[in-house]
Amino acid sequence: MSKTPSVKPVEQEPRIGVYVCHCGLNIAQSVDCAKVATEVADADGVVVAKDIVYACSEPGQQQIKQDIVDNGLDRVVIASCSPRLHESTFKKMIDSVGLNPYMLDMANLREQCSWVHMNDRENATAKAETLVNMAISRVRHLEPLTEETLPLTPRTLVIGGGVAGIQAALDLADSGYDVTLVEKNPSIGGVMAQIDKTFPTMDCSI
């Protein structure tokens, strides 16, 4: 009896939206943002390519969200500032319209391009095109990810029964944690327990 060959599902071609942010003049003073958007518009999978004055602003985000809905975009590239600054902003933005937040990639045109090539607009623009094309190539291969929440066991291990360890254990216990304090020596107190009196009160150290 012959087996029916399994049919691999046909993967949908990516539908990518690319947005090149001016960041006011932070990027636009050194990079021809409109030219970058025009040059990458013909890249495989790119459905929308625009330059935008402030991608992180409310009007800018609204424009991107509307494009995602109107054009059925399933991936987004934002060429703007450092991801350290606004990656979470853009993830929340695309998530708000039903697109998995991990289907986003960013090209850093501000710190890595505009600010380091302020007096060379032609080459800064060429480099910006390269950075955006790299982001487009990467975003084609992204897959949706789902965050998981793991249960937390409210127990803590504190290693070292010196003054710092004892204080940490007390603070954690006051916060509701079950604390286990481990000390390798026969008694706790650390170096402090070896001192007779402490300055300036000359009180007993323990």
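Which helix is Gln61 found in? Keep that question in mind as you go through these views of a predicted model.

**Figure 1. Gln61 sits in helix 2.** That settles the opening question: look for Gln61 in helix 2. Is this residue buried or exposed? Gln61 has a relative accessibility of 14%, and buried means under 20%, so Gln61 counts as buried. Now check who is touching it. If you skip the neighbours within four places in sequence, Gln61 is in contact with Ala55, Cys56, Thr89 and Met93.

**Figure 2. Gln66 is another residue of helix 2.** This helix covers residues 58-71. Gln66 has a relative accessible area of 37%, and partly exposed is the class between 20% and 50%, so that is where Gln66 belongs. Try picking out Ile52 as well: Gln66 and Ile52 are 14 residues apart in sequence. In space, their C-alpha atoms are 14 Å apart.

**Figure 3. Helix 1 packs with helix 5.** To describe two packed helices, people give the angle between their axes and the distance between the axes. Here, helix 1 is residues 33-40 and helix 5 is residues 121-139. Their angle is about 40 degrees, and their axes lie 9 Å apart. Helix 1 and helix 5 are therefore oblique to each other. As for handedness, the crossing of these two helices is right-handed.

**Figure 4. Here are the residues where helix 1 and helix 5 meet.** On the helix 1 side, look for Lys35, Val36, Glu39 and Val40. Helix 5 brings Thr125, Ala128, Glu129, Val132, Asn133 and Ile136 to the meeting. Sorted by class, the contact has 5 nonpolar, 2 polar and 3 charged residues.

**Figure 5. Stepping back, the protein has 6 helices and 8 strands.** Starting from the N terminus, you can trace the elements in the order β-α-β-α-β-α-β-α-α-β-α-β-β-β. The C-alpha trace spans about 80 × 75 × 30 Å along its principal axes. How does the radius of gyration compare with that of a compact globule of 206 residues? The globule would come out near 17 Å, but this protein has 28 Å. Buried residues make up 36% of the 206 residues. One last thing to look for is contacts that link distant parts of the sequence. Among contacts with a separation of 6 or more, 65% come from residues 24 or more positions apart.

Terms used. Residues are numbered from 1 along each chain as its sequence is written. This is a predicted model: local features need pLDDT of at least 70, side-chain atom pairs count only at pLDDT 80 or more; totals for chains, interfaces and linings use all residues. Side-chain values use heavy atoms; hydrogens and water are left out. Axes are lines fitted to C-alpha atoms, for helices over the stretch in contact, and angles run from 0 to 180 degrees between N-to-C directions. Helices (H or I, at least four residues) and strands (E, at least two) are DSSP runs, numbered from the N terminus. Angles under 35 degrees count as roughly parallel, over 145 as roughly antiparallel, 65 to 115 as roughly perpendicular and the rest as oblique. A crossing is left-handed if the near helix is turned anticlockwise from the far one by less than a right angle, and right-handed if clockwise. Contact means heavy atoms within 4.5 Å. Ala, Val, Leu, Ile, Met, Phe, Trp, Tyr, Cys and Pro count as nonpolar, Asp, Glu, Lys and Arg as charged, and the others, Gly among them, as polar. Buried means under 20% relative accessible area, exposed over 50%, partly exposed in between (1.4 Å probe, protein chains only). The radius of gyration is taken over C-alpha atoms; the globule rule is 2.2 Å times the number of residues to the power 0.38.
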